[in-house]
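Please open the structure in a viewer and keep the selection tool at hand. The tour below proceeds stop by stop, stating at each one what to select and what is found there.

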Amino acid sequence: MKAPLFSFICLMALIFNPVHAESDSYQSVNLALTQQSQTLFYESRDKTLKLQGYRVTYQYGIDNWRFNVDYSTARDEDEQHRSNGNPIYKLKYDTSAINLVAEYNWSRSWLLLGVSQGQDETQLHFNGLQQIIDTHALVNYDSLTVGTGLTYPTQNGQWILSGNLDKQFVNEKNTDIVNVGNLQESEAVTQVNESGVLASIGLSYGHYFPFTERWECYLSAGIHRQITLSGEGRTTTQYHTPRQSNFTTSSELQDTSQSASTSQQLQMSLLHYQGNINFTLDKLSDQNISEAYYSAGFGINF
């Protein structure tokens, strides 16, 4: 399972808010280029792709309310050839997500409600010496999030403590077709339906460094922890060969295994009352720095 990046949105919302807003309402738009790594396993091998894409965030605030729309997409593909030009493999990966968040703010705290939809699609064509394998995987995510947080101001910065509770639904369909020569040998269709409850908590500290009357630098570092509280999943597999007139079907219901992950986050922004320039690094504890999530962009307030 994966949860939407609402902690990212909550923290960036504090940054995107105009520093010197003079009215009760404002709007902001942020556009960023992103890169993240995704490792895929096939035929006892693994391949790491560098997914590159973009992220757009629109925010509208009025009085104590703040509304966010966040859309992101990224993709990568890789292909390897034999000397005669026939591909050994061709691999494609696409991912996209949209998040909607409504947030109410007090002077040092907030409460939010969000919904999220995401989709990952993988396509693999593997041309071996004896057989050809075509695999297609489509994973859809739907999430409902309730979150809250506290801020504790310091002389030139702020501590931020946030927590989210996510109800997530995952629907996954995998199709594997094996061909020997020009004949189809087998086809397997696996359907996975999961639901679960995830909890996360984050702690960060941000510091302001004013260097002109209109510009200041904001540096933030934090840690984020996510765990699976409960969940269950059903896996249904249909298997077919040319010697069978019908699909053979099997189904299994099981509890979702307990899992947890910890990530470190680093953010830097140049803030102006009319906008900002921002950079984000989000790295899981077991990742190399080169495999982390990177985002670099700019925002405009109006």
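## First stop: an exposed turn in the chain

Select Asp-63, which counts as exposed because its relative accessibility is 56%, above the 50% limit for that class. Asp-63 sits in the loop between strand 2 and strand 3. Its backbone deserves attention: Asp-63 is not a glycine, yet its phi is positive, at about 50 degrees. Please bear in mind throughout that this is a predicted model.

## The whole chain

Now display the entire chain as a cartoon. Its secondary structure consists of one helix and 13 strands. Read from the N terminus, the helix precedes the strands, in the order α-β-β-β-β-β-β-β-β-β-β-β-β-β. The chain has 302 residues, and 40% of them count as buried. If a surface is drawn, its accessible area comes to about 16,400 Å², with 54% belonging to carbon and sulfur atoms. How many of the contacts between residues at least 6 apart in sequence join residues at least 24 apart? The share is 60%.

## Aromatic pairs on strands 2 and 3

Show the side chains of Phe, Tyr and Trp. The chain holds seven aromatic pairs. Select Tyr-54 and Tyr-71: their ring centres are 6.3 Å apart and their planes meet at 55 degrees, so this pair is tilted. Tyr-54 belongs to strand 2 (residues 45-62) and Tyr-71 to strand 3 (residues 65-81), so the pair ties together parts that are 17 residues apart in sequence. Both residues are partly exposed, Tyr-54 at 36% relative accessibility and Tyr-71 with a relative accessible area of 33%.

Move next to Trp-65 and Phe-67, an aromatic pair that is stacked, with 5.9 Å from centre to centre and 5 degrees between the planes. Trp-65 is partly exposed, with a relative accessible area of 41%, and Phe-67 is also partly exposed, at 36% relative accessibility. Add Tyr-104 and Trp-106 to the selection, and one aromatic cluster with Trp-65 and Phe-67 is in view.

## The largest nonpolar core

In soluble globular proteins, nonpolar side chains tend to be buried together. To see such a grouping here, select Leu-40, Leu-49, Leu-51, Ala-74, Ile-88, Tyr-89, Leu-91, Tyr-93, Leu-124, Phe-126, Ile-133 and Val-178, the 12 residues of the largest nonpolar core. Which elements give two or more residues to this core? They are strand 2, strand 4 (87-105) and strand 5. Strand 4 gives the most, with four residues.

Centre the view on Leu-91, a member of this core. Beyond its neighbours within four places in sequence, Leu-91 is in contact with Leu-40, Lys-47, Leu-49, Asp-76, Glu-77, Asp-78, Thr-122, Gln-123 and Leu-124. A second, separate core has six residues, among them Val-101, Trp-110, Leu-112 and Leu-271.

## Thr-122, in contact with Leu-91

Follow the contact from Leu-91 to Thr-122, a residue of strand 5 (residues 109-127). Is Thr-122 buried or exposed? Thr-122 is buried, because its relative accessible area is 15%, under the 20% limit. Apart from neighbours within four places in sequence, Thr-122 is in contact with Leu-40, Leu-91, Lys-92, Tyr-93, Thr-135, His-136 and Ala-137. Among these partners, Leu-40, Leu-91 and Tyr-93 belong to the largest nonpolar core.

## Gly-222 on strand 9

Select Gly-222, which lies in strand 9 (residues 216-240). Gly-222 is buried, with a relative accessible area of 16%. Not counting residues up to four places away in sequence, Gly-222 touches Leu-203, Ser-204, Ser-263, Gln-264 and Gln-265. Then add Ile-160: although it is 62 residues from Gly-222 along the chain, the two C-alpha atoms are separated by 8.8 Å.

## Last stop: Pro-153

Finish at Pro-153, found in strand 6 (residues 132-153). Pro-153 counts as partly exposed, at 39% relative accessibility. Outside the residues up to four places away in sequence, Pro-153 touches Arg-108 and Gln-158. His-207 may be selected as well: it is 54 residues from Pro-153 along the chain, and their C-alpha atoms are separated by 9.8 Å.

Definitions and conventions:
Residues numbered from 1 in each chain as written. Predicted model: local features only at pLDDT ≥ 70, side-chain atom pairs only at ≥ 80, totals over all residues. Heavy atoms only, no water. Buried < 20%, exposed > 50% of the residue type's maximum accessible area, 1.4 Å probe, protein only. Contact = heavy atoms within 4.5 Å. Areas by Shrake-Rupley, 256 points an atom, 1.4 Å probe, with all protein chains shown as cover. Phe/Tyr/Trp six-rings, centres within 6.5 Å; stacked < 30°, edge-to-face > 60°. Core = buried A, V, L, I, M, F, W, Y, C linked by side-chain atoms within 4.5 Å.
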